[in-house]
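Q: Hi! Could you walk me through this protein? I'm new to reading structures.

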Amino acid sequence: MLLDLKNSFLAGELASTLNIFSDNFTVNNFMSGKKEVRDINSISYERSQPLPRLLNKSKALGHMNKFLADFKDVNFAEIVGTKYISLPGQRAEKQRMKTARIEARFDIRGTNENSKIQKRGIFNINVTKVNNEWKIDRITLTDTETLKTSETFFKNMTAESKVASNVPSHLRREAIRRGGYAMALGDYNNDKEVDLYVATVAESVLMKGEGKGESFKVVKNETLDNQSLVKAAAFADFSNKGHDDLLVVRFAPNEAQTKNDRSDILIYRNKDGKLHTEKGLVKFDQKTNYAMPLALADFNNDGFLDFYVGFPGAKDFTTLEEAKQEEGLATQGIFFNNGRGVFKDNPYKGFAKFHKEMISKNGVDDDLSRIFPHSAIAVDFDENGTSDLVVIDDRANLSPIYMNNGKADFVYATKKIGIGLMDYGMGAEIMDINNDGKYDFLMSSVNFNASKRIKDSCEINWSVQDTISAGVKGLRSFTANKNKTFTETTEQNGLEWIGQGAGGVKVVDYNNDGLEDIYVANGLWTGSENDQSQDIASKFVMANTMGIVEDGLKSGLRTDQIVYEKPKRNNEFQSLLFRSDSQSAIMDILSFYRGDVDTYEKSQKAPSLAGAQRNRLFHNNGDGTFTEVGYLLGLDSIADGYMVATTDLDKDGFMDIVLRNADPGFKKDQFAPVEIFKNLGKTNKKSVVLSLRGTTSNRNAVGALISAEVGDKLHKRQLVGNSGTVQSERIIHIGLDDNKVLNKLTIRWPSGEKQVVKNMKPGFYELKEPISGLQASK
């Protein structure tokens, strides 16, 4: 029924022959009511609350078609049921529903002449079951937003930059959510151009930037080119010698590791602008199970960069079994730099100690074996001059937050500060959401519309609480309180609806107004259809909720004779594909089932799991609320999103977006594994962009805290080394809005040194510690 309604929206017209309406069908007056009108960076925005007056069937279809008449072409339409309400008095025998009210969100995107148009909002749909068929009695539009623009804000440069042809595409055949690989942006050869490293399941590609980000040229490096399964990577100057090395973390089976030659954590030394492999730089004698997330920081403040690595194992949340790692495996570790770019064996052993002490004190049923790190980020959220560590778990266990009290003296602080994320976690970011001068948190998780719908419907209709806890929210925001705790404010911030299948989250000031906006990658696994008609998310959520375990869901589709794809120069690639414990029954169904997921009729259709989703960009309104504008900006990629990076490729003062998408699951050319969106700078607002270089601090200045006074506003920034599996360009970007100068810039370097620069005009600056090293170039 909702699918028929959605298809009518796609066609741009509701036909009178559509057999989903009852004879008594009515709608309310969509076109009238209280309205709010404003401008968002050359996007006209109108929000209205329609009148309750009802129109009968003879007028209803015409009225709804008039609502669609703004569109000449509709290129995307979605209607998602978010709640089903049928109270006890509305049910038939055995509590079966006979009438119900469906709360649904709709989203229609299209064009008219030279303008993009988006209409979205909330429907209440009253339905009745007649002769075993559901019919719509009434549609009441309760809230609607209309956005229009004739501007082009971002340009997709993927093909033009040669990235599309340089990065091979492979079918995703390992754990579903871990289907994306590493990406790092930096300048490893010091030529002032942004370089790009991209890893795939079978190889690595190093590309040198040319022409101020206009194109990328592949740099041949036989040892690096053959490196497979790299899940996280970062450029970093580990020796403080002025050249960035390349650290790669590989999703490699633990049986391939030896004490003195880790195959899963490798460092490529930079010698005269060329990367060379060097053994023995990382020693670690503990057994682990598939390395994945990475977080760079100088954790002990000795002036040299250290790093964190998490070991989540091969299985992700789609494996229906108890989420607990094998006994005796290390799940995470911090590797400390000895000052020469060599990392001592034995990671930070304090993990086990403070988990045992703090978890028992706080009454949390958790231990190190129940941590499956998917992402991690090192940030100084309490601004005490030391890098704290946020680890994001992806199997609905508690995501730990470790506060650094100095010299890598960590305290397990998750419950203490009020952030208890237990979800299919994806990523984390910090920003000042409500402009009060304190750092707040954003955390993203894989979510399913079905999870929220079932949870809310059970609570409303049957007073059953907490049927589902994980997979309900794709994005959460936590704002800081005065007492150094945090409170969730997702709904108050207007961030409660992002689509489903969320991946990474990234903050970026796309329009140089000084306020950081929020970009979210969406889409988990898209099958053959670019819609939700073959989505099995409801089935997965129900199986998970009912306690069906992996052995009870075996598909019988996979045999030892199946060859996913020819292994390429690497035995571990083949090992990963054929390890029985790296696959799940859900994975088998998505990979090999062909047929209709509802009727089970055989066909060439392939199922989806929270696929065919659009990425979102939430514009910062400046009052602690956000408005989603991704489609209008040209940033609503429909690829299965994974992680997001930011950069200023051509140093024009406007931030560009680079996406590392998940590998496609249905066919290789389904979508590009990497996408580049160039910011066309459609605003008169300027910016100050900083490239920091430490002297006493680590040379990359990772961990620097920045305060910028612009006009009557204070903007806070931090230089973060990387985020989980991807690395953005290491720059600080501060939009000036309508101001001509940045009045006062305060830098607290990782060494503790405080420096101030005043009256900075727009432009690109290289700032060195100490302040006498100030240079400016435009």
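Q: Cool, how many helices and strands are there in the protein chain?
A: There are 10 helices and 42 strands in the protein chain. Helices (H or I, at least four residues) and strands (E, at least two) are DSSP runs, numbered from the N terminus.

Q: Anything to know before I zoom in?
A: Yes, this is a predicted model: local features need pLDDT of at least 70, side-chain atom pairs count only at pLDDT 80 or more, and totals for chains, interfaces and linings use all residues. Residues are numbered from 1 along each chain as its sequence is written, and side-chain values use heavy atoms, with hydrogens and water left out.

Q: What share of the residues counts as buried?
A: That's 62% of the 778 residues of the protein chain. Buried means under 20% relative accessible area, exposed over 50%, partly exposed in between (1.4 Å probe, protein chains only).

Q: Which residues in α2 are buried?
A: In α2, the buried ones are Ala60, Leu61, His63, Met64, Asn65, Phe67 and Leu68. Their cover includes α1 (2-11), β1 (21-40) and β2 (43-55), along with β4 (99-112), β5 (115-130) and β6 (133-149).

Q: Switching to sheets: in what order do β7, β33, β32 and β31 sit?
A: Those 4 strands form an open, antiparallel sheet in the order β7-β33-β32-β31. At the edges, β7 (154-156) and β31 (643-647) each pair on one side only. Two strands pair if DSSP finds at least two bridges between them.

Q: And how many bridges join β32 and β33?
A: β32 (residues 656-660) and β33 (residues 674-679) pair over 4 bridges, in the antiparallel sense. Leu659 stands opposite Glu675 in β33.

Notes. Contact = heavy atoms within 4.5 Å.
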